[in-house]
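Got your viewer open? Here is a short tour of charged side-chain pairs, one selection at a time.

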Amino acid sequence: MSNLRGWAGPGLLLWAQWCFPPLSKCGWTSYLLKCGPCPTPPDPAPWPVLLGERALSCLVAGQRASLRHQQALPEAQPAELHVEVPENYGGNFPLYLIKLPLPREKAEGQIVLSENSGMAAQGLFAVDSESGFLLVTRVLDREEQAEYRLQVTLETEDGHVLWGPQPVLVHVKDENDQVPRFSQAIYRVQLSQGTRPGIPFFFLEASDGDEPGTANAELRFHILNQAPAQPFPNMFQLEPQLGALTLSPEGSTSLDQALEKHYQLLVQVKDMGDQASGYQATATIDVSVVESTWVPLDPVHLAENLKVPYPHHIAQVHWSGGNVHYHLESQPPGPFNVDAEGKLYVTRELDREVQAEYLLQVLAQNTRGEDYTEPLELKVVVMDENDNTPICPPSGDLIRIPELSPPGTKVTRLLAEDMDAPGSPNSHVVYRLLGPEPEEGKEGRAFEVDSTSGSVTLGTLPLRAFQNITVQVLAIDLGGAEGGLSSMCEVPVMITDINDHAPEFTISQIEPISLPEDTKPGTVVTTLTATDDDLDPAFQRMDFAIEVGNMDGTFGLDWEPYFNYAHLRLLKNLSYEAAPSHKLVVVVRNVAELVGPGPGPGATATVTVLVEKVVPSPKLDRESYEASVPVSTPAGSLLLTILPSDLIHNPLRFSLVNDSEGWFFIKEFSGEVRTARPLRGARPGDVYTVLVEAQDADEPTLSTSATLVIHFLKASSALAPTLAPVPTRHLCTPRQNHGVVVSGPSEDPDQASAHGPYSFALGPNPTVQRDWRLQALNGSHAYLTLALHWVEPREYLIPVVVSRDGRMWQLLVQVIVCRCNMEGQCMRKVGRMKGMPTKLSAVGILVGTLIAIGIFLILIFTHLTLARKKDLDQPADSVPLKAAV
């Protein structure tokens, strides 16, 4: 404290600003309050005391706080400290720079200061061990070294680091203590006539040793004097900041007319930028004006595919001014470049077909890439060689030529392209036909080609439809001369068909076709096939039509468009009585229009259809029959009766076809099926099937058949004899409310002694049990009715089993089912009565009567004629006179 009081006064603040200018950003007072105590000044006597007791107490408190802070070693790496020191400092040394954050207990080690450049060993920087301040011992020069990186550590004698390292960066603040310098005292420059104004043709070079980027090193250039001053005193301009020397607009205009060819410029360079103060230097620029050598270039002709070493020199340019850089541009871009001496080169072979001409522009530029003058243009023409073969046009789509086309018909035109120079012999293409070759033994060729135009036409040799031909044409350049290049061109040609053939039937006269008159409509009568010699399917499409013999539309034709046949179908029912035969004329035509002569005789076909009168085949009342019979049934027992469905039909003859055991037989005309012998070998539960065949008695070819399924039953204790059929009764269909009364058998010999009632049941046939119903009326009668609403009208034989006192009988009830009138009377079809005349006999009687009458009339007229002739032969006097009245 006493030490501080000895020099504290009005000059303390000034001394602090000299010692610690970089340590506080907010002034010296803030540093006293935040950064700790101030070091002892080297000579406190001259400085007046500026601060009072309050500031001194703050200073002492700060120093104590700093010492307390140094008692403990910091745990983290200290941040780098920054110190700025003015160069060429004129004050006292050592100069205290910054208070280092050393630990308070540092007596155990020693402070070590090191610097990366090694200048610390020469005593330039030091650390005050008592105060902990970093100090500099002598003047610093920024141009010698701009900054110093120091490192402070607290170490033991054996080199163990107790604290640190603490990095410190000392920056030497620049002062304007350096004078600018030109790179040369005298500059000699060549200036070419034709240089554009404002384009720098020379750049001055000057340097300043002060810190770059500061005003101390910011240079400005000026022209002080131009000699001579004719024709204008300001013919040149100097860009102040860059030192670029250019022609002024007046100087550019008058440069070519000026008599002076040499100018001397006195130029100045000054630092401190645009400020009035600063150091300066001068230099001299000798400018020699030379004649422009930047003259136009003649076109260059280069052969394509030129075999020379590359790069190959083709031209030379020269800019007579100094400090020039040449730049080349090519339109379109090509293999060209220019070197520093202005020599132009082509770097590889050229191809005229890729690019026939190039326009090169050569530019003379300064170091900034600015053009001194207008660019020079050089036209490079690539000379043609015959290095391209003719290129045939794409074959493209198939060329279609109609058959029978006349000779000279144009097929196509070949335009082979040759990439060599147009109009030159290298691209003059001629054509030569190679194929197809002429056929042996035939005159002429199928195709011809015009050698000049490449037009391909049809020759005199006829071609067939659907013939595929590849026309081969050789395209040769050099006008077909020797050495010309050639290519093979191919033209695919197909000869298309035309509709020049009419369709014809393969058979024009169809043999008579017989059809029964009951043939169903829709039946195919015959198939008519036609052929067409045309090959194109479109020309083979046919239409068929019946032109004659089908006025009533009994027949019709159907066919598919692309098929060559048509089906003749029956559309209506035939009638033998109406038309016993039909003669049809069918025609066939092309759908497409016919080219050439019309259809011939083969385009028509005649079909004769004969109608056969049909006698209906016989039909049975059922499609199949079933019967049940006990295995103990004796021979001759009746199983059932097979009846025709139409009772008016001609009588039938019945037979059993496949009765392998011979157990049954059928009566030939009545259709009764009976047992032929005892059923030995038959077992209850077995099923036996036979086939019943029925033939028309008058027409044996007309027949029908049905299956008879027989079920064998267990033998009964008493056989049930089959009694005579019950007299025929009638029932109506559709069903009406009446039936048939069935009584017990009247042939029962024990009827008088028997006491039990009769039991009635339908026979075991499943069909009978389905179609009929039997109800007992009393002990002696039962009532038989229809179980279905409708049954087929015909005669039925219904088996009814009657039993009493252990005995059984089988009754066959004959029932005729028929249609009935309103009164319930059966309406039956009337057959031909015996003795009644037939149509044929009636016609015969009528014809005989007419003949008899004619004979009688002839006799009378004959008699009268003879009598008159006799009278004419007598004399006139022999005729008695008539008496007058």
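Select Lys667 first: in this predicted model, Lys667 is partly exposed, at 35% relative accessible area. Now add Glu672, whose side chain forms a salt bridge with that of Lys667, at 3.4 Å from N to O. Glu672 itself is buried, with a relative accessible area of 18%, because the cut-off for buried is under 20%.

While you are looking at such contacts, select Arg142, Glu143 and Asp174 together. Salt bridges with shared partners link these residues into one network.

Next, pick Glu547 and Arg589. Their side chains meet in a salt bridge, with 2.3 Å from N to O. Colour by secondary structure and you will find Glu547 in strand β34 (residues 542-548) and Arg589 in strand β37 (residues 581-590), so this pair ties together parts 42 residues apart in sequence. Switch on a surface for both: Glu547 is partly exposed at 45% relative accessibility, and Arg589 is also partly exposed, at 41%.

For the last stop, go to Asp274 and Arg220, where a salt bridge joins the side chains at 2.8 Å, N to O. Asp274 sits in the loop between β15 (262-270) and β16 (280-290), while Arg220 belongs to strand β12 (residues 220-227), so the contact connects parts that are 54 residues apart in sequence. Which of the two is buried and which is exposed? Arg220 is the buried partner, at 6% relative accessibility, whereas Asp274 is exposed, at 68%.

If you would like to keep exploring, the structure holds 21 salt bridges.

How values were computed
Residues are numbered from 1 along each chain as its sequence is written. This is a predicted model: local features need pLDDT of at least 70, side-chain atom pairs count only at pLDDT 80 or more; totals for chains, interfaces and linings use all residues. Side-chain values use heavy atoms; hydrogens and water are left out. A salt bridge is a side-chain nitrogen of Lys or Arg within 4 Å of a carboxyl oxygen of Asp or Glu. Helices (H or I, at least four residues) and strands (E, at least two) are DSSP runs, numbered from the N terminus. Buried means under 20% relative accessible area, exposed over 50%, partly exposed in between (1.4 Å probe, protein chains only).
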